[in-house]
Amino acid sequence: MKKLKVDLGINSYPIYIEDGLLEKVDTLIEKHLPKTKKVFIITDTNVEKYYLEIIKKNLSNFTVEYMVIEAGEKSKSIAMLEPIFTKLVAAKLTRTDAIIALGGGVVGDLAGFIASIYLRGINFVQIPTSLLAQVDSSVGGKVAVDLIEGKNLVGSFYHPKLVIIDPKVLQTLPQKFIADGLGEVTKYAFIKDAELYEYMIKFENMQELIENIADIIYICCDIKKTIVEQDEKDTAERMVLNFGHTLGHAIETVCGYENYTHGEAVAIGMYEITKISEKMGLTKAGTLDKIKKLLDKYNLDTQLPDMQRDELFKVIELDKKNLSQQLNLILLKEVGECYIHQTSIDFFKEV
């Protein structure tokens with residue numbers, strides 16, 4: 001079993017990574033939450049048919065309640081909060097009990113946000129079932145819901161008590177959602193780890209990558225946990241995790257969260273922003289070609305969709321990284337090294 005610790009003082013928590021770990025959820029939760037007697041699982045319609053009964057079976061020592069939400073970004077909304085709160089009240093959860101997020105990034109963000117405000121904070125366990133959630137969103141404590149105006153505009157920082165990652169569950173993911181996760185995996189290579197870039201570029205095919213996915217998940221979680229330890233509240237170093245996200249989030253929003261997954265949109269964002277920064281001399285020449293080579297290898301689109309640029313700019317202006325009219329963008333010096341660049345919305349006029 002691979003294990004990492006996110007060291008945040010009283011908010012510290014472990015990350016466990018191992019094939020078949022769903023069979024050990026009871027042992028891990030009992031170890032880290034010894035007072036918990038009841039758990040409330042939040043999952044979605046895609047994950048329910050594969051893993052809900054397995055998790056319930058392996059939580060036989062607990063009273064288990066659950067709610068299934070519709071799969072997709074549209075469920076990560078203010079409108080979903082009240083029906084879930086109603087279920088939590090009916091289940092009579094106390095602050096020593098726990099909410100379990102069983103699913104991808106949408107479920108993890110929604111369940112974590114609910115855990116952060118229900119009873120002014122209740123225990124929270126992440127069991128991510130998508131590659132994107134396993135390498136990124138389940139770690140770091142960012143929890144949120146979307147507004148019509150943009151992604152993650154209502155949220156908080158609230159850390160889980162533990163993260164349980166079973167790479168074996170990725171075998172049931174459609175190819176589109178493997179690509180979704182690889183959007184974030186490639187991000188880690190681009191911003192912090194040239195060796196990860198070389199590791200991924202050398203695989204013969206997707207199958208070989210999947211055979212080594214546990215190692216890749218570990219590398220990504222290790223990078224993220226180190227950054228989060230340095231900047232828990234996203235005011236400095238942690239901003240580098242947003243490479244490609246300013247434009248990526250805007251693409252998702254303008255497209256109504258339907259045409260592109262998060263990772264697909266971020267891939268386009270990383271490519272487009274580097275096209276601009278390399279043209280401006282802010283990024284080493286040849287970096288864009290390296291980015292395209294890796295994204296193409298794993299079937300990630302680099303073409304900006306046909307959309308109204310004015311709509312795109314409106315969303316970017318609402319971005320959380322837009323502080324006092326200064327937009328903090330993450331740019332690459334070269335593959336494996338990035339920096340924060342203060343600019344304005346005018347930067348994107350080249351898009």
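Good morning. In what follows, helices and strands are runs assigned by DSSP, at least four residues long for a helix and at least two for a strand, and they are numbered from the N terminus. The model before you is predicted.

That numbering places R120 in the loop between helix 4, residues 105-117, and strand 6. I shall return to R120 after the sheet.

The sheet is open and is formed by seven strands, in the order 1-2-9-6-5-3-4, with mixed pairing. At its edges are strand 1, residues 2-6, and strand 4, residues 63-69, each of which pairs on one side only. From one strand to the next, the twist averages 15 degrees.

Let us look at strand 9, residues 162-165. With strand 2, residues 13-17, strand 9 pairs in the parallel sense over three bridges. One residue of strand 9, V163, is the bridge partner of I15. Strand 9 also pairs with strand 6 in the parallel sense, over two bridges. Which residue of strand 9 is the bridge partner of Q126? The partner is again V163.

In a regular strand, side chains alternate between the two faces of the sheet. In strand 9, L162 and I164 point one way, V163 and I165 point the other way, and all of them are buried.

Two helices deserve mention alongside the sheet. Helix 1, residues 25-32, lies across strands 1, 2, 5, 6 and 9, and runs at about 165 degrees to strand 9. Helix 3, residues 81-91, packs on the sheet and touches strand 3 (38-44), strand 4 and strand 5. The direction of helix 3 makes about 165 degrees with that of strand 4.

Between strand 4 and helix 3 there is a loop, and S75 belongs to that loop. Is S75 buried or exposed? S75 is buried, because its relative accessible area is 7%, and the limit for a buried residue is under 20%. Leaving out residues up to four places away in sequence, S75 touches I69, E70, M80 and L110.

I now come to two loop residues with a backbone feature in common. Most residues other than glycine have a negative phi. R120, although not a glycine, has a positive phi of about 60 degrees. N299 is likewise a residue other than glycine, and its phi is positive, near 60 degrees. N299 is placed in the loop between helix 12 (287-297) and helix 13. Are these residues buried or exposed? R120 has a relative accessible area of 77% and is therefore exposed. N299 is exposed as well, because its relative accessible area is 63%; the exposed class begins over 50%.

Next, helix 11, which spans residues 262-279. Two residues of this helix, I268 and T274, are worth examining in turn. I268 has a relative accessible area of 0% and is therefore buried. Beyond its neighbours within four places in sequence, I268 is in contact with I251, Y260, D301, T302, Q303, L304 and P305. The C-alpha atoms of I268 and I251 are 8.8 Å apart in space, and the two residues are 17 apart in sequence.

T274 is also buried, because its relative accessible area is 0%. What lies 2.8 Å from a polar atom of the T274 side chain? The backbone oxygen of M270 does. When residues up to four places away in sequence are not counted, T274 touches F243, T283, T287, L288, I291 and L332.

Finally, the cavities. How many cavities of 30 Å³ or more does the structure hold? There are two, and the largest contains about 100 Å³ of space. The largest cavity is lined by 13 residues, of which G150, K151, H249, V315 and D319 are the closest to its centre. Strand 8 (150-157), helix 10 (245-254) and helix 13 (309-317) are the elements that each give two or more residues to this lining. Helix 10 contributes the largest share, four residues.

To summarise, the predicted model has a mixed sheet of seven strands, in which V163 of strand 9 is a bridge partner of both I15 and Q126. In helix 11, I268 and T274 are buried, whereas the loop residues R120 and N299 are exposed. Thank you for your attention.

Key:
Residues numbered from 1 in each chain as written. Predicted model: local features only at pLDDT ≥ 70, side-chain atom pairs only at ≥ 80, totals over all residues. Heavy atoms only, no water. Buried < 20%, exposed > 50% of the residue type's maximum accessible area, 1.4 Å probe, protein only. Polar contact = N/O pair within 3.5 Å; in protein donor to acceptor, adjacent residues only side chain to side chain. Contact = heavy atoms within 4.5 Å. Pairing = 2+ DSSP bridges. Axes fitted to C-alpha atoms, helices over the stretch in contact; angles between N-to-C directions. 1 Å grid on protein atoms, 1.4 Å probe; cavity = no way out; pocket = protein on both sides within 12 Å on 5 of 7 lines; lining within 4 Å. Points joined across faces, edges and corners; volume = space filled by probe spheres on them.
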